[in-house]
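Student: I would like to learn how to read charged pairs and strand pairing in a model. Could you take me through them one step at a time?

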Amino acid sequence: MTRRLFDVDEKYMVRAIELARLGMGNVSPNPMVGCVIVHDGVIIGEGYHCEYGKPHAEVNAVNSVVNKELLKDSTLYVTLEPCSHYGKTPPCSDLILKFGIPNIVVGTVDPFAQVAGKGIEKLRDGGCKVLQGYLEDKCLELNRRFFTFHQKKRPYIILKWAQTADGFIDIDRSYEQYGQSTWITNDLSRIAVHKMRADESAILVGTNTARKDNPSLTVREWNGRAPLRLLIDKNLKLSPELALFDQSIPTVVYTSKEISGKTNLEFKRILFNGNELDQILQDLHEREIQSLIVEGGQILLNSFINKNIWDEARVFTGKCNFHRGVKAPAFDALMVKSEELDDSWMFLFHKV
């Protein structure tokens with residue numbers, strides 16, 4: 001049940017959301033979670049889930065409290081329902097009951113089947129007063145990747161491309177121009193793209209983009225974890241000298257061929273029968289990949305748009321004009337954000 005917020009409750013849940021975001025890029029396939037513990041109007045403990053496999057937000061918040069006796073008369077604010085099962089760490093609901101924290105305010109229920117309301121039920125059965133649905137929309141937005149993964153059984157899909165002011169993503173390149181990207185935006189936009197890569201779990205390009213641009217798909221302009229690189233190469237016609245085959249970071253090639261892999265280079269056979277995207281997304285779900293950037297060219301981007309399999313699009317727009325060339329994808333979407341990047345812009349769209 002969604003509850004109406006008092007200003008004081010909103011303040012603490014906003015703080016919990018701020019803390020949760022600090023785990024971005026480090027906790028997948030777990031969700032980002034923040035926790036604040038309040039006693040007599042004073043925050044006495046804070047924590048967030050810092051890294052996959054490490055203690056959860058509630059554990060870190062409780063551990064940060066100097067005087068544990070205060071917990072018996074405190075309120076715990078947490079963005080996501082406390083877990084009730086044993087995974088890589090013990091149940092957070094058990095920890096809350098152990099310290100006798102009487103009041104729990106939850107942002108949203110956990111969609112994970114092994115939790116999904118069981119944590120709240122355990123707390124209530126243990127005598128805690130639990131209120132749920134506080135800033136629920138913001139908590140859902142925070143973990144949109146996690147919720148999409150568990151509810152739709154696929155990664156959260158981000159389409160990304162750069163386009164000119166007159167709506168082109170590339171010139172009509174000759175073979176002699178292959179191997180070098182056609183820059184449309186600027187250095188600040190490139191840094192923003194690398195930060196985006198560090199925030200997400202995987203990145204996908206098609207055969208033509210690999211051949212024409214020879215991308216590395218790394219985060220060399222940002223300090224963070226590189227996403228899993230994904231490439232579609234049906235007949236393995238691409239040169240093994242391309243950067244994507246350098247074995248520097250884990251890479252998966254989707255192909256119709258049976259071929260043995262190498263260190264950091266896996267060849268995954270799929271059927272090229274018109275159902276390629278579904279097979280790729282199913283494979284990514286099995287790998288527990290919660291988010292995917294599609295950074296391909298016109299054909300790959302349009303394949304996701306035409307099948308209506310995407311969640312958001314980030315369009316980097318430069319000030320230059322090509323006048324002719326490869327047109328940018330056309331799609332129906334709601335623009336929710338714009339960000340100026342020196343002389344370029346990033347426009348964020350959500351699927352309608």
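Student: How many salt bridges does the count come to here?

Tutor: A salt bridge is read from a distance, namely a side-chain nitrogen of Lys or Arg within 4 Å of a carboxyl oxygen of Asp or Glu. By this rule the count comes to 22 salt bridges, and you should keep in mind throughout that the model is a predicted one.

Student: Which side chain does Arg197 meet in a salt bridge, and which parts does the pair tie together?

Tutor: The partner of Arg197 is Glu295, with 2.7 Å from N to O. Because Arg197 belongs to helix α7 (residues 187-199) while Glu295 sits in the loop between β12 and α10 (298-306), the pair ties together parts that are 98 residues apart in sequence.

Student: Are Arg197 and Glu295 buried or exposed?

Tutor: The general idea is that a residue is called buried under 20% relative accessible area and exposed over 50%. Arg197 has a relative accessibility of 6% and therefore counts as buried; Glu295, with a relative accessible area of 12%, is buried as well.

Student: With which residue does Glu200 form a salt bridge?

Tutor: Glu200 forms a salt bridge with Arg314, and the closest N and O atoms are 4.0 Å apart. Since Glu200 lies in the loop between α7 and β8, and Arg314 in strand β13 (residues 312-317), this pair ties together parts that are 114 residues apart in sequence. Glu200 counts as buried at 4% relative accessibility, and Arg314 is buried with a relative accessible area of 14%.

Student: What of the salt bridge between Asp343 and Lys319: how many residues apart in sequence are the parts that it ties together?

Tutor: The side chains of Asp343 and Lys319 meet at 3.4 Å, N to O. Asp343 is found in the loop between β15 (333-341) and β16 (344-351), and Lys319 in the loop between β13 and β14 (326-327), so the parts tied together are 24 residues apart in sequence. Asp343 counts as partly exposed at 37% relative accessibility, whereas Lys319, at 61%, counts as exposed.

Student: Which residues do salt bridges that share partners join into one network?

Tutor: Shared partners are what turn separate pairs into a network, and here they join Glu141, Arg144, Arg145, Glu200, Glu312 and Arg314.

Student: Turning to strands, which way do the residues of β12 point?

Tutor: In strand β12 (residues 291-294), Ser291 and Ile293 point one way and Leu292 and Val294 the other way, and all of them are buried. Strand β6 (residues 156-163) pairs with β12 in the parallel sense over 4 bridges, with Tyr156 opposite Ser291. Strand β8 (residues 202-205) also pairs with β12 in the parallel sense, over 3 bridges, and there Ile203 stands opposite Ile293.

Student: In what order do the strands of the open sheet come?

Tutor: One reads such a sheet from edge to edge, and here 5 strands follow the order β2-β1-β3-β4-β5, with mixed pairing. The edge strands, β2 (42-48) and β5 (129-132), each pair on one side only. Neighbouring strands of this sheet are turned by 15° against each other on average, direction ignored. Strand β4 (residues 103-108) and β5 pair in the parallel sense over 4 bridges, and the bridge partner of Val105 in β5 is Leu131.

Student: Which helix lies across β4 and β5?

Tutor: Helix α4 (residues 118-125) lies across β4 and β5 and runs at about 150° to β5.

Terms used. Residues numbered from 1 in each chain as written. Predicted model: local features only at pLDDT ≥ 70, side-chain atom pairs only at ≥ 80, totals over all residues. Heavy atoms only, no water. Pairing = 2+ DSSP bridges. Helix = DSSP H or I, 4+ residues; strand = E, 2+ residues; numbered from the N terminus. Axes fitted to C-alpha atoms, helices over the stretch in contact; angles between N-to-C directions. Contact = heavy atoms within 4.5 Å. Buried < 20%, exposed > 50% of the residue type's maximum accessible area, 1.4 Å probe, protein only.
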